[in-house]
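Trainee: I'd like a close look at just one part of this one: the ligand and what surrounds it. Take your time and link it to the rest of the fold as you go.

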Amino acid sequence: MPEKLLFEKSVPGRRGVTFPTASLEGFSVDAVLPKKCQRESELTLPEISENELMRHYTRLSYESYGVDTGFYPLGSCTMKYNPKIHEDVARFPGFSEIHPLQPEESVQGALGLLYGLQNMLSEIAGMARVSLQPVAGAQGEMTGMLIARAYHLAQGRQRKHVIIPDSAHGTNPASAHLAGYTIKTVKSNREGIIDLEDLKQVVNQDTAALMLTNPNTLGLFERKIGEVVQVIHDAGALVYLDGANLNALLGLTRPGDMGFDIVHFNLHKTFSTPHGGGGPGAGPVGVVSHLTPYLPSPLIEKKGEHFFMDSNRPQSIGRVHSFYGNFGILLRAYTYIRRLGAEGLSAISRNTIINANYLKKQLEASYEIPMKRPCMHEFILSAKAFRDKGIHAWDIAKRLIDYGYYPPTVNFPLIVPESLMIEAPESEARETLDDFAKVLILIRKEIDESPEKLTQAPTTQKVGRMNEVLAARQLNVRYPA
Ligand SMILES: *Cc1c(COP(=O)(O)O)cnc(C)c1O
């Protein structure tokens with residue numbers, strides 16, 4: 001039985017908490033709140049007892065899948081386990097009870113922490129300065145594109161387009177478009193990396209920037225990154241790194257050393273933070289020294305022993321978010337980095353690369369893997385060969401739910417038909433990967449022997465196949481409708 005809504009359980013007059021009757025002598029609502037601001041009818045809220053409420057939410061919590069209950073092979077998302085110490089630190093009263101409008105002198109600890117995080121991220125990426133303001137990878141991209149725009153304008157030139165590979169994440173063209181640029185696509189070659197010859201054809205004096213993900217969304221390192229950067233710089237354009245895949249690079253190489261001018265971080269991916277369901281994130285942006293004047297304002301600075309917000313930055317693109325960005329996420333990232341240290345960070349990338357290749361190897365005999373060379377932190381399977389059996393990538397994903405796994409990303413990147421994109425974060429044990437591989441191999445057998453098990457999946461859940469587009473088309477979730 002699906003859990004009923006609280007509204008359906010409501011019984012008029014039932015209460016969870018009762019308050020004593022207010023006994024303010026001669027108090028009148030009208031005296032403090034004008035009539036036009038008062039409700040005309042009772043608020044329709046569910047009326048329910050405390051234990052019913054508690055059981056309702058506890059039961060619902062059992063029904064959701066989270067990184068605390070199982071493995072997320074969700075390519076492109078870096079869904080790693082989040083150490084609980086982060087949650088403890090985020091709840092320290094010294095952090096959780098401060099207000100962003102407090103005087104600077106009274107929040108020196110918090111500002112010091114942000115200053116430290118700015119510097120650690122600069123070091124990790126090989127950038128000169130970092131702004132912590134953007135609150136998502138996509139917002140970091142837009143910030144980066146606005147910085148590119150401000151830079152070109154300051155040089156007295158109006159550039160028109162941004163070049164983006166055909167394997168890119170959809171947020172890349174969206175961000176460049178929002179910053180006022182048109183998009184030019186550069187092809188991937190048969191190896192799955194940027195086609196350098198095609199890039200040379202596309203780049204010209206109107207190019208503002210190239211947006212690149214490295215390792216790219218096929219899980220492959222852009223081997224010719226030096227030449228790619230050179231081609232773009234020769235045209236007076238900037239090279240932007242979509243840093244969503246930084247989990248594969250930590251302590252091994254740095255975007256700044258590869259020649260990138262701007263990079264965003266997805267702190268909620270690489271530096272751990274629960275981020276299912278589109279929850280809060282942080283997308284700091286780092287730049288090389290000649291772009292620092294354009295970073296969002298204010299930046300956190302230090303003078304002597306005093307930390308302060310520097311808003312006197314005339315060339316800045318301005319604010320992209322209120323206050324400091326998502327402070328709680330920044331706090332978690334800071335804790336993560338300080339706990340691991342430099343050695344620990346590079347161990348993350350080494351282990352995630354080993355995990356992904358270990359899993360890929362186990363699946364090679366059962367599934368088509370279009371890109372043969374060793375992968376970085378993730379890899380792609382293609383289910384194209386099963387199309388004539390009526391099986392698609394999403395059927396494999398749905399069947400994985402029956403076996404207790406969160407499904408991998410499907411049908412992205414778009415350049416591989418029927419793709420399943422699998423990421424195996426460093427926080428997963430070898431046994432977890434072995435079990436997952438066994439299940440995928442079992443499903444491969446089912447495709448031949450009992451394909452209906454896939455097309456009918458999931459059968460173990462409270463709901464089966466849902467209409468995946470309806471929720472996006474019909475936004476009214478109010479009850480009663
Ligand atoms: C996740 C991701 C993004 C967008 O980041 P958000 O934080 O979700 O806005 C951009 N590019 C790539 C490659 C990603 O995986």
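Mentor: One term before we start: a polar contact is a pair of N or O atoms within 3.5 Å. Also keep in mind that this is a predicted model.

Start with Ser-76, where an N or O atom in the side chain is 2.5 Å from an oxygen atom of the ligand, so this pair falls inside that cut-off. Asn-266 also uses its side chain, with a polar atom 3.0 Å from a ligand oxygen. Ala-138 does things with its backbone instead: an N or O atom there lies 2.8 Å from an oxygen atom of the ligand. As for cover, the ligand taken alone exposes 380 Å², and the protein buries 87% of that.

Now step back to the whole shell. Besides those three residues, it includes Ala-136, Gly-137, Glu-141, His-169, Thr-171, Asp-242, Ala-244, His-268 and Lys-269. Sorted by class, the shell has 6 polar, 3 charged and 3 nonpolar residues. Two elements give two or more residues each, α7 (137–154) and α12 (267–270). Of the elements, α7 gives the most, with 3 residues.

That makes α7 a handy bridge to the fold. The helix lies across β2, β4, β5 (238–243), β6 and β7 (285–287), and runs at about 170 degrees to β5. Those strands belong to an open sheet of 7 strands with mixed pairing, in the order β1-β7-β6-β5-β4-β2-β3. At the edges stand β1 (129–131) and β3 (182–186), each with a single partner strand, so one side of each has no neighbour in the sheet. From one strand to the next, the twist averages 25 degrees.

For a look at one pairing in that sheet, take β2 (residues 161–165) and β4 (residues 207–213): they run parallel and are joined by 3 bridges. Within that pair, Val-162 stands opposite Ala-209 of β4.

Another helix, α6 (residues 108–125), packs on this sheet too. The strands α6 touches are β1 and β6 (262–265), and its direction makes about 125 degrees with that of β1.

So if you're tracing the site on screen, begin at the Ser-76 side chain, move on to the backbone of Ala-138, and then follow α7 across its five strands, β2, β4, β5, β6 and β7.

Notes
Residues numbered from 1 in each chain as written. Predicted model: local features only at pLDDT ≥ 70, side-chain atom pairs only at ≥ 80, totals over all residues. Heavy atoms only, no water. Near = heavy atom within 4 Å. Polar contact = N/O pair within 3.5 Å; in protein donor to acceptor, adjacent residues only side chain to side chain. Areas by Shrake-Rupley, 256 points an atom, 1.4 Å probe, with all protein chains shown as cover. Helix = DSSP H or I, 4+ residues; strand = E, 2+ residues; numbered from the N terminus. Nonpolar A, V, L, I, M, F, W, Y, C, P; charged D, E, K, R; others polar. Pairing = 2+ DSSP bridges. Axes fitted to C-alpha atoms, helices over the stretch in contact; angles between N-to-C directions. Contact = heavy atoms within 4.5 Å.
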